[in-house]
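Reader: I am new to this structure. Could you pick a single part, look at it closely, and then place it among the other parts?

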Number of protein chains: 2
Amino acid sequence: MFEHPLEAVFHPRAVALVGVSSNPNAGWGGGGFHQAILDMGFNPEAVYPINPKMEEIGGLKCYPTLLETPDPVDHVISMVPAHVVPTLVEHCIAKRVRSVHLFTAGFSETGDERMAALEQEMVAKLTDAGIRVIGPNCMGLYVPGSGLAFSRGFPKEPGNVFLLSQSGANAGQIISTLARRGVRFSKAVSFGNGADLKAHDFFNYAADDPQTEVVIAYMEGIQDGRALVDAVKRCARKKPTIILKGGLSAAGARAANSHTASLAGSRQIFEALCRQAGAMRAETMNDLVDLTVAVTTSVKQVKGRGVALVGGPGGFAVLSSDAIAAEGLDVPPMSEAAKRGLREFIPVAGTSVNNPIDAHLRTRQQFEDGMRLIAGAEGIDVVLSTSYGPAAFGVGENNNGEPGAGEAGNRGEQNVSSALDLLVSLQGETKVPFLIVQRDSPFEGARGSAYQEAAYQRGIGVFSDVPRAARSVRLMLDWRARREGLPDIF
Amino acid sequence: MFEHPLEAVFHPRAVALVGVSSNPNAGWGGGGFHQAILDMGFNPEAVYPINPKMEEIGGLKCYPTLLETPDPVDHVISMVPAHVVPTLVEHCIAKRVRSVHLFTAGFSETGDERMAALEQEMVAKLTDAGIRVIGPNCMGLYVPGSGLAFSRGFPKEPGNVFLLSQSGANAGQIISTLARRGVRFSKAVSFGNGADLKAHDFFNYAADDPQTEVVIAYMEGIQDGRALVDAVKRCARKKPTIILKGGLSAAGARAANSHTASLAGSRQIFEALCRQAGAMRAETMNDLVDLTVAVTTSVKQVKGRGVALVGGPGGFAVLSSDAIAAEGLDVPPMSEAAKRGLREFIPVAGTSVNNPIDAHLRTRQQFEDGMRLIAGAEGIDVVLSTSYGPAAFGVGENNNGEPGAGEAGNRGEQNVSSALDLLVSLQGETKVPFLIVQRDSPFEGARGSAYQEAAYQRGIGVFSDVPRAARSVRLMLDWRARREGLPDIF
């Protein structure tokens, strides 16, 4: 059994939702939280909505105050207005709960000194009583294994990625976006103002958590700098750790201050922290998402800058080559041996075997032989295929590689599975990772997501466009170079 | 009547499609072209498929050769294999056609010297007979006003944008992507190897064409450098001219060479050309698309770097501010006067009026008053709204600004129209352009497209994310600065 002071925070057995509203338009206060928790599979008999004006909500009995709940409660979600929090704090202490998530906003982030003082006082009272606090001004916990979530529609299956985020909206966006890509989470926490539990607490926990293999973070402020540096170092030494920092511009810093009362700190300090700790720095939300896919798929195995770009059509291949070069990667000419091999089964007109490779590998055998030659060619470290989305497999022997009308259906799905399995076996054989850019079919939407998940489950990363795929490869290489001297993670 | 030597090329009255295939899997050769032309409204009695082995195709009578067609033909689309082109050339001369579009590939772009020589010889024969050639190795013409198209699904309504593209695939992507954004085209031409008609011919034509107000180009090679420089200068002086150049990297240049037989030329030469001519240089496909939207909407009116960023939620506003700053734009604090005005109707908790402005402007009156204060505030040159997609209008008084369930429907659409009209009137009043980032609803899909078109028709640009919107503003400002001394276009 994993022992950690925060373990109980992530695994409550009974939850009270204080300040539930009868107004369904009240968003989270109007049932969002308890619906999300029930959907996630939390024991409904251990969910206690609290509202003195209501008898029940969504089939659950309502209690007038926390004190009236019949059984022990470990975790409290506070949706009451800020001025009601002092009373709730007394109740939490009397009830001997273990953790409080203050969804309640209106404290230090308003810039009002009295509210900042109240935040400090309330949190001190709780922590003095041994109660840990998440927030205020945040969405709290998503722990699929414990049946906790702050939004409906998050995946129920647990995974290996730990997310800590000061912003609830960004946490929600990261979870939804990565879930569509196939990623699953061990735990996620949105911690807002971080009045008690802060980034360093979560980095330290995630570093030790046996369910967590990768740690990703969205931060606005740097609180308790020394402890943070130590925690990030400790975490990044053991597990791939990816950090996106908001508020690095003057306007962003001002926004961060009014969002989570954060003092943003400079770009230099933050860059130095990531560099020294061996963490990966995401510059944008897209970076954070793509790097998470990269470190949890074969992309992490990439050893060098030689990219084989497979797929047409011509003008797209030209711009793709430029985009790959813009990231400092190479698209080297194919070796003579590989070209000879490819020429044996690729017709001349309208195709090129010179990298970028605009070849129509039409049958399974051509595909297998072609990809083996390409991945095995001298100077090739990674194969980036842009003609390899789901549409490529629902087709017949169409000259233009376009999806055949109708009848794709099951056959298409079988083809996808079997082609992805083939890629996995070619990867094993050649030790060269394959990346897929989903060019020929929608990246968004249910079908696109099903395809991404199918590939991801086999350890193959799917990206929305060539620039993002190339950037992910480049950032992986930079990070590996930067980790020289640190223990090997992969 | 506009007189220009190329006018006839864009307005043929009868088209022969030579080499139509009976195999529907043969893509364009299998009916793609004639279906596209018929869909676009070309007179079916003036469309002549040519194939000696077929009696009819898609309800149209087939002729054995071009010579057997009963009436005059101005324009020929060649889908025959390269080795059949010499015969076709004789027929075209005998039939006295005016233009030939060689869809046929397999000439100079193969790198085979004999095929390059054949290309030159065939094109010389045609031009000596006064016949202009588009291609070879290209998709040819999309002229909605003439009923010409090279793909089904292109808009039937003509517009004001002229596209020239060496790549057919890129032309198709540019047209489809921009069409979803609301843009319409005067003419588009994919000209491949450019053996006869080249980029400079099309720039010169577009500069004079009264239907064309904006000229956009995707180029791979630089052919006839002096003529090109003159044509781009002439064009850019009169009309906004946006150029994307593929093949600027070594790998991209190699790809361009095997794609359209292009010698790509250096980045320096190309940058100098754009700078001296006063053209806008697009670095990526996204740039080309976004800049086209920018120069055809109110974005083109932007005068300075002060951005008001309107819309939450908090963490998103933080990252958005950073992204705007990364483009060298400012998100300056709101003036005291504007803040006082906003505070009068915006509640404190969970909102900020300090720019970024995370305010819930719930009613139409609040929206109007708020946007007027924001756009009119000192130091604000452009308003970038991220909470203003279609979902914002289908909602009730939801605390979280989330779309109300159901019942959006017609009311939503009416709200969209009326809110967009309001923006237009606020723009007129404040002289500050509004940009919309479609964050709260899908940018892709039918609903997203309908929204973008509705906004575009009113001259309001919609962008898919904040970085791209900010970059478009910055590129517009750079371009305006660079045009100092040239005649005012807007």
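Author: What follows starts with one strand and works outward from it. The model is a predicted one.

The part chosen is strand β11 of chain B, which covers residues 214-219. How many of its residues are buried? Six of the six are, so β11(B) is largely enclosed by the rest of the structure. The burial applies to both faces of β11(B). V214(B), I216(B) and Y218(B) lie on one side, V215(B), A217(B) and M219(B) lie on the other, and every one of these residues is buried.

β11(B) has strand partners as well. Strand β9 of chain B, residues 161-165, pairs with β11(B) in the parallel sense over five bridges. Within that pairing, F162(B) has V215(B) as its bridge partner. Strand β12 of chain B, residues 241-245, also pairs with β11(B) in the parallel sense, over five bridges. Here Y218(B) stands opposite L244(B).

I216(B) deserves a separate look. With neighbours within four places in sequence left aside, the contacts of I216(B) include V161(B), F162(B), L163(B) and L164(B). Among the others are I174(B), L178(B), F185(B), I242(B), L288(B) and T292(B). I216(B) is also one of four residues, with V76(B), L164(B) and F203(B), that touch the most other members of the largest nonpolar core, which has 133 residues. Helix α16 of chain B, residues 466-482, supplies the largest share of this core, namely eight residues. There is a second, separate core of 132 residues, and its members include F10(A), V76(A), I216(A) and L273(A).

Following the chain onward from β11 of chain B leads to the loop between β11 and α7 (225-238), where D224(B) is found. D224(B) is not a glycine, yet its phi is positive, at about 55°. D224(B) counts as partly exposed, because its relative accessibility is 44%. The residues of β11(B), in contrast, are buried.

Chain B has a further set of strands to compare with this one. Four strands form an open sheet in the order β14-β15-β16-β17, with parallel pairing. β14 (307-310) and β17 (461-463) of chain B are the edge strands, each of which pairs on one side only. On average, and with direction ignored, neighbouring strands of this sheet are turned by 25° against each other. Inside the sheet, β15 (residues 382-385) and β16 (residues 434-437) of chain B pair in the parallel sense over three bridges. In this pairing V383(B) has F434(B) as its bridge partner. Elsewhere in chain B, the peptide bond from N355(B) to P356(B) is cis, with omega near 0°. P356(B) sits in the loop between α12 (336-343) and α13 (364-376) of chain B.

How does chain A relate to chain B? A turn of 180° and a shift of 0.0 Å along the axis lay chain A on chain B with an RMSD of 0.0 Å. That relation is the one of a two-fold axis. E444(A) is the residue of chain A that comes closest to the rotation axis, its C-alpha being at 4.3 Å. Of the interface residues of chain A, 100% are also interface residues in chain B, so the copies meet through the same surface.

In chain A, strand β1 (residues 15-18) is another strand with buried residues on both sides: V15(A) and L17(A) point one way, A16(A) and V18(A) the other way, and all are buried. β1(A) is joined by four bridges to strand β5 (residues 75-78) of chain A, and the two run parallel. The bridge partner of V15(A) in β5(A) is H75(A). β1(A) also pairs in the parallel sense with strand β2 (residues 47-50) of chain A, over four bridges. In β2(A), P49(A) stands opposite L17(A).

Last come the cysteines. The count of disulfides over all chains is zero. Why are C235(A) and C274(A) not joined? The sulfur of C274(A) is the closest cysteine sulfur to that of C235(A), but it is 12 Å away, which is too far for a bond. Both residues are enclosed: C235(A) is buried, with a relative accessible area of 0%, and C274(A) is buried too, with a relative accessible area of 2%.

Key:
Residues numbered from 1 in each chain as written. Chains lettered and ligands numbered in written order. Predicted model: local features only at pLDDT ≥ 70, side-chain atom pairs only at ≥ 80, totals over all residues. Heavy atoms only, no water. Disulfide = S-S within 2.5 Å. Buried < 20%, exposed > 50% of the residue type's maximum accessible area, 1.4 Å probe, protein only. Pairing = 2+ DSSP bridges. Axes fitted to C-alpha atoms, helices over the stretch in contact; angles between N-to-C directions. Core = buried A, V, L, I, M, F, W, Y, C linked by side-chain atoms within 4.5 Å. Contact = heavy atoms within 4.5 Å. Least-squares fit on C-alpha atoms with pLDDT ≥ 70 in both.
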